[in-house]
Amino acid sequence: MSGRVVVLGSLNVDLVTRVERHPSPGETVLGDGLEQLAGGKGANQAVAAAAAGASVAMVGCVGDDAGGAAYRHRLERLGIDVTGVRVCAGAPSGHAIVTVADGGENSIVVIPGANDLLDEREVAAVDALGPVDVLLVQLEVPRAVVCTAVRRAAGRGARVVLNTAPYAALPPDVVALADPVVANEHEMAALAEAGAEPRSLLVTFGANGASWDGVTAPAHPVAPGEVVDTTGAGDAFCGALAAALARGADRAEALDAALAAGAAAVRHPGAQRDPELT
């Protein structure tokens with residue numbers, strides 16, 4: 001029996017330009033074009049989970065602006081339940097300024113906006129979760145809300161997938177409840193320095209694959225010429241992983257599905273496939 005994936009996290013309007021190379025401190029470079037795309041780690045992961053075939057609900061906040069309205073409409077068109085996406089009066093939607101250099105590497109500045117307004121109303125959305133469901137969270141929204149949601153979801157028997165990006169220290173009990181904690185190499189080092197002890201740790205190594213509790217799997221190969229934009233690779237990985245776990249896949253199958261999604265994500269611009277906010 002397949003469960004649902006509930007994603008509690010951020011929704012951002014990404015303003016994206018391409019540069020020949022990223023500027024050094026104090027330097028100005030020229031950007032080529034400006035696109036308004038759908039982003040935010042939470043919504044990116046929700047879209048990836050839906051693309052992988054999961055029944056997905058998004059929980060988060062947008063502003064009462066055109067960007068927020070367009071985002072909710074977009075998610076609905078993709079078959080994602082947006083009942084839990086609250087419109088915050090008087091607040092702007094979250095935004096991110098993204099520069100993508102030749103070769104696909106990106107630099108991102110996030111302006112949280114309405115994402116900082118998640119509270120107990122959003123946490124209440126996890127109360128309907130059960131043992132076959134998956135809660136997927138990241139750290140672009142208030143940590144207190146993430147921690148409460150993780151504890152309540154785990155208390156209802158749901159599986160929690162915790163993506164520690166962008167990295168922030170979390171209480172040991174929250175880290176221990178996740179199965180798995182998903183971290184890149186830098187986040188893994190920060191977890192170790194903080195003395196955190198995940199019961200299940202999945203570390204991603206980009207083009208070098210991933211390791212889940214010491215069992216490694218190679219990345220799906222992508223030729224350098226095929227790399228368009230690395231912005232959404234990690235989020236695609238997490239969303240596909242959660243979708244696979246919700247349908248009952250074992251670790252090997254879920255990890256392979258996640259690696260395939262991450263490889264596919266670098267082949268298209270923006271954090272989501274067909275990411276225009278229309």
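Biologist: How many salt bridges does the structure hold?

Modeller: This is a predicted model, in which local features need pLDDT of at least 70 and side-chain atom pairs count only at pLDDT 80 or more, while totals for chains, interfaces and linings use all residues. Side-chain values use heavy atoms, with hydrogens and water left out, and residues are numbered from 1 along each chain as its sequence is written. A salt bridge is counted where a side-chain nitrogen of Lys or Arg is within 4 Å of a carboxyl oxygen of Asp or Glu. The number of salt bridges in the structure is 13.

Biologist: Which residues are linked with Asp119 in a network of salt bridges?

Modeller: One pair in this group is Asp119 with Arg121, whose side chains meet at 2.6 Å, N to O. Asp119 is partly exposed, with a relative accessible area of 23%, and Arg121 is exposed at 53% (buried means under 20% relative accessible area, exposed over 50%, partly exposed in between, with a 1.4 Å probe and protein chains only). The network links Asp119 with Arg86, Arg121 and Glu122.

Biologist: How many residues apart in sequence are the parts that Asp127 and Arg156 tie together?

Modeller: Asp127 and Arg156 form a salt bridge, with 3.2 Å between the closest N and O atoms. Asp127 is in the loop between helix H3 (120–123) and E8, and Arg156 is in the loop between H4 and E9, so the pair ties together parts of the chain at a separation in sequence of 29 residues.

Biologist: Are the side chains of Asp127 and Arg156 buried, exposed or partly exposed?

Modeller: The relative accessible area of Asp127 is 32%. For Arg156 the relative accessible area is 35%. Both values put the residues in the class partly exposed.

Biologist: Which residue forms a salt bridge with Asp213?

Modeller: Asp213 lies in the loop between strand E12 (210–212) and strand E13 (215–217), and its partner is in helix H8 (residues 251–265), 38 residues apart. The partner is partly exposed, with a relative accessible area of 36%. The side chains meet at 2.9 Å, N to O, and the partner of Asp213 is Arg251.

Biologist: What is the phi of Asp213?

Modeller: Most residues other than glycine have a negative phi, and most peptide bonds are trans. Asp213 is partly exposed, with a relative accessible area of 37%. Although Asp213 is not a glycine, its phi is positive, at about 50 degrees.

Biologist: How many residues of strand E9 are buried?

Modeller: Helices (H or I, at least four residues) and strands (E, at least two) are DSSP runs, numbered from the N terminus. Strand E9 spans residues 159–163 and is mostly covered. Of its five residues, the number buried is four.

Biologist: Which residue in E9 is the bridge partner of Val137?

Modeller: Two strands pair if DSSP finds at least two bridges between them. Strand E8 (residues 134–137) pairs with E9 in the parallel sense, over four bridges. The bridge partner of Val137 in E9 is Leu162.

Biologist: Which residue in E10 stands opposite Asn163?

Modeller: E9 and strand E10 (residues 181–184) run parallel and are joined by two bridges. In E10, the residue opposite Asn163 is Val182.

Biologist: Which helix lies in the β-α-β unit made by E9 and E10?

Modeller: E8, helix H4 (residues 143–155) and E9 make a right-handed β-α-β unit. A crossover is right-handed if, with the strands pointing away from the viewer, the path from the first strand over the helix to the second runs clockwise. The unit with E9 and E10 is also right-handed, and its helix, residues 172–177, is H5.

Biologist: What is the omega of the cis peptide bond from Asp179 to Pro180?

Modeller: A cis peptide bond also joins Ala165 and Pro166, with omega about -15 degrees, and Pro166 is in the loop between E9 and H5. Pro180 is in the loop between H5 and E10. For the bond from Asp179 to Pro180, omega is near 10 degrees.

Biologist: How many disulfides does the structure hold?

Modeller: A disulfide is a pair of cysteine sulfur atoms within 2.5 Å. Cys61 is buried, at 0% relative accessible area, and its sulfur is 3.8 Å from the closest cysteine sulfur, in Cys88, too far for a bond. The sulfur of Cys238 is 17 Å from the closest cysteine sulfur, in Cys147, which is also too far for a bond. The number of disulfides is zero.
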